[in-house]
Amino acid sequence: MATSVYLSNPVVTINSVALTDQCTSATLNYVLEQLETTSFGDTARKYGASSIVSLENNSVEVELYQSYAASETEATIYGLVGIQTNIVIAPASGAASATNPIYTLTGAYLETHTPINASLGELSTVTLTFTGGKLTKAVS
Amino acid sequence: MANYIVTSNRLVGYDPGDVITDADLEGANIDALIEAGHLSTQSAKKPAKTKTIETED
């Protein structure tokens with residue numbers, strides 16, 4: 001039987017700071033760059049091989065509600081622009097397991113932050129894209 | 001190794017008032033945590049010494 005995932009309470013931690021309660025969406029992209037290995041004699045394009053490990057090119061995009069209160073979104077994010085940090089994302093709180101894998105992106109870089117993103121009558125949000133870094137998946 | 005006092009309730013795994021070291025924050029950017037108000041570099045104050053004085057009635 002097919003199963004569907006409804007994520008109501010994933011865990012989002014940025015630079016060891018829990019921001020789950022400010023987060024409305026999170027997208028983690030795990031990418032290994034495609035390397036062409038096609039050679040003479042091949043009749044179709046080939047990419048990768050068992051002996052070839054390409055570079056990871058991971059990214060995380062999160063959307064957070066903006067808050068200028070002490071130790072909240074703006075204070076936490078502002079100092080991360082232009083440097084590397086760690087991001088932890090899991091489908092749910094609790095220990096790592098096969099059904100609740102905890103993904104850690106180590107050394108992710110934040111290039112851009114939008115301290116002001118305001119529209120009349122709407123809650124202010126910030127969308128952050130962290131790029132690079134090494135992804136690990138913990139299941140125990 | 002520097003010690004830090006946790007000053008917010010958002011630092012994962014720690015409560016305000018906990019004293020932690022660099023090793024506890026491996027991979028995290030400590031300067032950004034201090035700037036954001038999650039950590040303080042000030043050392044924890046020792047509790048004031050109390051002295052019991054017995055008086056004779």
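Visitor: Where is the place of A:S71 in chain A?
Guide: This is a predicted model, in which local features need pLDDT of at least 70, side-chain atom pairs count only at pLDDT 80 or more, and totals for chains, interfaces and linings use all residues. Residues are numbered from 1 along each chain as its sequence is written, with chains lettered from A and ligands numbered from 1 in the order in which they are written. Helices (H or I, at least four residues) and strands (E, at least two) are DSSP runs, numbered from the N terminus. A:S71 lies in the loop between strand 4 (59–65) and helix 1 (73–78) of chain A.

Visitor: Is A:S71 buried or exposed?
Guide: A residue is buried if 20 or more other C-beta atoms, placed from the backbone, lie within 10 Å of its own, exposed if 12 or fewer, and partly exposed in between. A:S71 has 20 C-beta neighbours inside 10 Å, so A:S71 counts as buried.

Visitor: What is the phi of A:N15?
Guide: A:N15 is in the loop between strand 1 (11–14) and strand 2 (17–18) of chain A. Although A:N15 is not a glycine, its phi is positive, at about 55°.

Visitor: Which strands are the edge strands of the open sheet in chain B?
Guide: Two strands pair if DSSP finds at least two bridges between them. The three strands of this open sheet have the order 2-1-3, with antiparallel pairing. Each edge strand pairs on one side only, and these are strand 2 (19–21) and strand 3 (39–40) of chain B.

Visitor: Which residue stands opposite B:I5?
Guide: Strand 1 (residues 3–6) and strand 2 of chain B pair in the antiparallel sense over three bridges. Opposite B:I5, in strand 2 of chain B, stands B:V19.
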